[in-house]
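Hi,

Here is the structure I promised to pass on. Have a look at it first, and my notes follow below.

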Amino acid sequence: PTRRPPKPSDARALTSDDTDLRHPLAALAQWLVLGALVGVVVGSGSALFLTLLEGATELRTRNVAWVYALPFAGLAMGAFLDRFGRPVRGGSDLVIDTMHDDGPELPLRMAPIVLFGTVLTHLFGGSAGREGTAVQMGASLSDFVAHRLRLARETRRLLLAAGVAAGFGSVFGTPIAGAIFGMELGALGRLELRAWTPALVASVVGDMTTRAWGVGHTAFPAAPAVELDLWLLGKWLVFGVAIALASVTFVELTRLLKRAAQARIPSLGLRMFAGGVAVIGLFHLAGTADYLGLGVPTIERAFVDAGLPVESFAWKLVFTAVTLGAGFLGGEVTPLFFMGATLGNVLARVLDIPIPLGAGVGMAALFAASSNAPLALSVMAVEILGANAFPHVVLVASVAYVLTGHRGIYPAQRVVYSKTGAPMSEVRPLSWHEEARKRPRS
């Protein structure tokens, strides 16, 4: 019988004669080699970064008065960035734009600039994290490899995702979450599954490399086993709403402060000087050094202390928004872990949920909502808290992810599908939604 022509479609069925599938072994070998190469390079960079960061944190902890030098450190860093760092000031958004637009090679100088800039921020008490540094270092180092090997455009783009995955996985010791984060980072509503193999290889090798250098990671208590029921589901719904409110507050406050500072103080160095002065003022108002730097001891305390101050998460939110809004280098993740764990501690006490579970769920869900990466953070919770946390984190992260809306800590993330499920007429960055809200209606 005469064979009917196939209907036109964007999707193709998997068949044995599909030309794209003729050399799976060659493709696997390619990604094993390239992913491992990126993993070794990025993992070594993460080991150096974490070692320097630990030393800076110990020095600042023993010398709390060093916070009074933060404005002058900011002034010096701002002058340096204005002179030598203009091509890298886009940070993680520059990485995302390059992944989507096939932009010029990411400057190799991005890696040392963000590394030492973040270490200096922490040395003098700025409230920032380390994920942004790891992502930017991983991307710039992997792009260096891609250009030296003269890889094709699509291969380069996937290797950038692998660099991001290696940076995230190695700096937190969560290789599977790192691989998923590399696929989730670029676009909201679409998972870049083509990057799975290189991202997984790079993240696993990166984590192994960091550990091989003798660098360890913070150990958190395992989440207790708690069975889900309708009453607990209702509690998690309330929990998710609170996490979403915290996420929206942090994202909007950071952007508000950044825009206001840029509008009133054109010089980056002077903005950072003013931000340093503001951090000193907050330090005196809070009356404690707990909110300076990473704040890991307080995160650990949130898992066990039923007497943790209720306002802890709010203080950290303001400290971090001021630090990053002023232009200091560093990421948002560890401060978000601090806010999520301490807020989760408070919500667990109010809702009668085990404190270790509440702190762990809050820690993962707040970053999931703020970064638009609920899958990566749900898996990350398993890697650092155990499988008992998984269903609870998924529920809360999903609620907070939807309620946070089209905003996040990475404005360059592309929106492929809105969180209501509607496809966008064209792929646009998250920041477009902010601009659209300001336009007058016709």
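To start with the whole chain: 53% of its 442 residues are buried. Keep in mind that this is a predicted model. The chain has 17 helices and 3 strands. If you take the contacts with a separation of 6 or more, 77% of them join residues 24 or more positions apart. As for the outside, the chain exposes about 19,400 Å², and 64% of that comes from carbon and sulfur atoms.

I also looked at two pairs of helices. Two packed helices are described by the angle between their axes and by the distance between those axes.

The first pair on my list is α9 (residues 230-264) with α14 (residues 355-371). Their axes lie 9 Å apart, at an angle of about 50 degrees, which makes α9 oblique to α14. The crossing is right-handed. On the α9 side the contact is made by W236, F239, I243, A246 and S247, while α14 brings in L357, G358, V361, G362, A365, L366, A369 and S370. Sorted by class, that gives 9 nonpolar residues, 4 polar ones and no charged ones.

Then there is α6 (residues 153-172) with α7 (residues 175-184). Here the axes come within 7 Å and cross at roughly 145 degrees. α6 passes α7 in a right-handed crossing. From α6, the residues in the contact are A161, V164, A165, F168 and G169; from α7, they are P175, A177, G178, A179, F181 and G182. This contact counts 8 nonpolar and 3 polar residues, with no charged ones.

Cheers

Terms used. Residues are numbered from 1 along each chain as its sequence is written. This is a predicted model: local features need pLDDT of at least 70, side-chain atom pairs count only at pLDDT 80 or more; totals for chains, interfaces and linings use all residues. Side-chain values use heavy atoms; hydrogens and water are left out. Axes are lines fitted to C-alpha atoms, for helices over the stretch in contact, and angles run from 0 to 180 degrees between N-to-C directions. Helices (H or I, at least four residues) and strands (E, at least two) are DSSP runs, numbered from the N terminus. Angles under 35 degrees count as roughly parallel, over 145 as roughly antiparallel, 65 to 115 as roughly perpendicular and the rest as oblique. A crossing is left-handed if the near helix is turned anticlockwise from the far one by less than a right angle, and right-handed if clockwise. Contact means heavy atoms within 4.5 Å. Ala, Val, Leu, Ile, Met, Phe, Trp, Tyr, Cys and Pro count as nonpolar, Asp, Glu, Lys and Arg as charged, and the others, Gly among them, as polar. Buried means under 20% relative accessible area, exposed over 50%, partly exposed in between (1.4 Å probe, protein chains only). Accessible areas come from the Shrake-Rupley method with a 1.4 Å probe; for residues, only the protein chains shown count as cover.
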